Amino acid sequence: MRYAARPHSDDGSNSAHQDKMGEMDGKTAVIFGVANKRSIAWAITRAMVRDGARVVLNYQNERMEEGVRKLAEELPKDTLVAPCDVTDQEQVGRFFAEVGSACGGIDALVHSVAFAKREELGGRYVDTSLDGYLMAQHVSAYSLVTLAKAAEPLMEGRNASVLALTYLGAERVVESYNVMGVAKAALEASVRYLAADLGPAGTRVNAISAGPIKTLSAMGVSGFSDILKAIADRAPLRRNVTQEEVGETAAFLLSSRSSGITGQVIYVDAGFCIMGT
Ligand code: 1JT
């Protein structure tokens with residue numbers, strides 16, 4: 001019987017409103033990169049939970065654990081929180097073994113992780129150190145390969161969807177973005193190669209290129225407020241984008257509504273990147 005109105009109905013039978021809800025019911029979403037309330041990954045997490053997914057979150061180290069666990073208290077009880085530094089293959093192996101036994105498989109995988117030394121996000125790109133270059137590539141780009149490889153057996157045959165976060169600095173010269181731009185270029189190319197590799201097993205791989213957003217790590221970049229303002233002044237929508245807007249596009253790309261899209265970079269940037277002048 002499916003006639004009785006049930007709160008939180010997952011069968012979409014009650015109203016047009018509820019038709020949209022629960023499209024991730026019974027699905028597991030693994031989300032890397034929640035650090036605090038402002039994290040883009042946190043907005044994606046909330047969208048996934050709203051749509052019915054069970055979520056798994058990582059924390060990078062003991063210093064980050066308490067903050068992530070506190071945020072997870074706002075989520076359903078079946079939420080899994082586990083340690084995983086994406087540059088540590090052993091931790092990645094343990095993490096996905098735990099996800100496999102707790103959840104059985106993965107339907108959505110989100111990579112919202114990046115790092116560059118503060119001194120590299122400014123000045124001239126030509127001054128980038130080898131150490132800084134390798135660090136940015138390792139944490140921000142190679143880690144997507146690491147996660148995709150470890151998650152591959154858990155995603156196979158489930159029409160799973162992988163999503164990474166990128167920025168316009170990957171394909172244009174954006175002052176100060178420097179070594180991160182080169183790392184994001186590698187990340188975007190990885191999205192295409194991974195899409196080709198994982199596609200035959202039904203897994204899609206895409207990226208969202210978000211406009212700049214006031215997250216804690218971005219606010220550590222000197223002159224970031226000026227960057228936000230310069231973008232808002234020129235973007236067609238005359239504003240910046242929000243974490244929630246990225247979360248909604250993520251929810252689309254992670255759901256079956258985007259079943260024909262793979263290997264793409266989708267812009268959530270208030271239209272900024274279409275402008276020539
Ligand atoms: C990192 C940081 C990766 C900030 C990032 C990022 N990807 C986008 N942003 C925001 C940003 C930063 C700059 C920018 C535009 C957007 C900081 C911590 C390390 C990883 O310049 C135009 C510099």
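**Cores, a cavity and lone cysteines**

Guide: Let's start inside. This is a predicted model, and its largest nonpolar core has 51 residues, of which I31, I44, M48, L57, I208, V246 and L254 touch the most other members.

Visitor: Which helix gives the largest share of this core?

Guide: That's helix α2, residues 40–50, with 6 residues in the core.

Visitor: How do I read the surroundings of one core residue, say I208? What is I208 in contact with, leaving aside its neighbours within four places in sequence?

Guide: Look for heavy atoms within 4.5 Å. For I208, the list includes L163, A164, L165 and T166, then V246, T249, A250 and L253, and also I266 and V268. There's a second, separate core too: it has 34 residues, among them L80, F95, L194 and A195.

Visitor: How many cavities of 30 Å³ or more are there?

Guide: The count is 1. The largest cavity has a volume of about 50 Å³. Go looking for Y167 and L168, then S209, A210, G211 and P212, and finally Y267, D269 and F272: these line the largest cavity. By class, that lining has 6 nonpolar, 2 polar and 1 charged residues.

Visitor: And how many disulfides does a search of the whole structure find?

Guide: It finds 0. A disulfide needs two cysteine sulfur atoms within 2.5 Å. Take C84: the closest cysteine sulfur is in C103, 14 Å away, so that's too far for a bond.

Visitor: Is C84 buried or exposed?

Guide: Buried means under 20% relative accessible area. C84 has 1% relative accessibility, so C84 counts as buried. C273, with a relative accessible area of 16%, is buried as well.

How values were computed:
Residues numbered from 1 in each chain as written. Predicted model: local features only at pLDDT ≥ 70, side-chain atom pairs only at ≥ 80, totals over all residues. Heavy atoms only, no water. 1 Å grid on protein atoms, 1.4 Å probe; cavity = no way out; pocket = protein on both sides within 12 Å on 5 of 7 lines; lining within 4 Å. Points joined across faces, edges and corners; volume = space filled by probe spheres on them. Nonpolar A, V, L, I, M, F, W, Y, C, P; charged D, E, K, R; others polar. Buried < 20%, exposed > 50% of the residue type's maximum accessible area, 1.4 Å probe, protein only. Core = buried A, V, L, I, M, F, W, Y, C linked by side-chain atoms within 4.5 Å. Helix = DSSP H or I, 4+ residues; strand = E, 2+ residues; numbered from the N terminus.
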